[in-house]
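Visitor: I would be grateful for a close look at a single part of this structure, namely the cavity enclosed within it. Please then place that part beside some other features of the model.

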Amino acid sequence: MIRLYLSAKLFILGVVTRLASKNKSVPRSNVGLNKATTIGVLYSYESPAKHEVVQRFIRDLKNLDKQVAVLCYTTKKDRIHISSHLRYAFDHHAITILGKAKSDRIQKFIKSSFDYLFYLDWTVHPVLASILAQHHAKCRVGHFDPTCRNFFEVMVKVNRTTPIEDIKKLASQMLHYTRCMEGQ
């Protein structure tokens with residue numbers, strides 16, 4: 001019964017989000033990574049190895065003197081690696097069936113003014129799509145997917161091999177291309 005509810009919720013949330021993202025026109029721009037000051041990182045927890053890659057990506061951004069805010073979607077909080085100290089995790093309960101954020105942390109993230117919002121997943125999960133669609137980041141960056149044109153201004157295509165190497169390549173390519181786009 002719970003699985004049926006979750007499936008229905010995610011389906012309805014996906015439809016509502018897609019309709020909202022098509023009808024929403026937000027001015028976007030690209031300041032280039034070197035001039036950017038605030039960065040958002042959005043991803044889903046899948047394994048400790050992926051989590052470590054994302055943490056390395058976040059450290060790389062902080063080493064570039066960027067203010068970084070992070071949100072991580074997880075389906076089961078007990079799957080998160082104990083040593084990760086993941087204070088920014090949430091599950092599907094934090095978003096209503098119509099895409100309204102119940103959590104103060106998510107509301108604050110959505111309202112934050114980011115120069116870049118990096119999405120470090122291969123597919124767009126309905127809960128995370130809702131956040132992407134609502135966010136007014138100047139430039140949203142994600143993996144190349146023709147069905148997600150309404151969610152990203154910059155899409156990076158990576159040839160896939162193994163899951164962990166793929167996410168490393170995706171993070172690396174996101175940094176590379178946003179550095180190359182100075183003043184575009």
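Guide: The account below begins with the cavity and then turns to a helix and to a strand residue. The model is a predicted one. It holds one cavity of 30 Å³ or more, and the volume of the largest cavity is about 40 Å³. Its lining is formed by Tyr119, Asp121, Trp122, Thr123, Val124, His143, Asp145, Cys148 and Phe152. Sorted by class, these lining residues comprise five nonpolar, two polar and two charged residues. In general terms, a probe the size of a water molecule, rolled over the atoms, reveals where empty space remains.

Helix H4 spans residues 126-134. Seven of its nine residues are buried, and H4 is therefore largely enclosed by the rest of the structure. The buried positions are Val127, Leu128, Ala129, Ser130, Ile131, Leu132 and Ala133.

A further point of interest is Thr38, which belongs to strand E1, residues 38-44. Thr38 has a relative accessibility of 15% and so counts as buried, the cut-off being under 20%. A polar atom of the Thr38 side chain lies 2.8 Å from the backbone oxygen of Ser113. Ser113 also appears among the contacts of Thr38 beyond its neighbours within four places in sequence, together with Gln67, Phe114, Asp115 and Tyr116.

Methods. Residues numbered from 1 in each chain as written. Predicted model: local features only at pLDDT ≥ 70, side-chain atom pairs only at ≥ 80, totals over all residues. Heavy atoms only, no water. Helix = DSSP H or I, 4+ residues; strand = E, 2+ residues; numbered from the N terminus. Buried < 20%, exposed > 50% of the residue type's maximum accessible area, 1.4 Å probe, protein only. Polar contact = N/O pair within 3.5 Å; in protein donor to acceptor, adjacent residues only side chain to side chain. Contact = heavy atoms within 4.5 Å. 1 Å grid on protein atoms, 1.4 Å probe; cavity = no way out; pocket = protein on both sides within 12 Å on 5 of 7 lines; lining within 4 Å. Points joined across faces, edges and corners; volume = space filled by probe spheres on them. Nonpolar A, V, L, I, M, F, W, Y, C, P; charged D, E, K, R; others polar.
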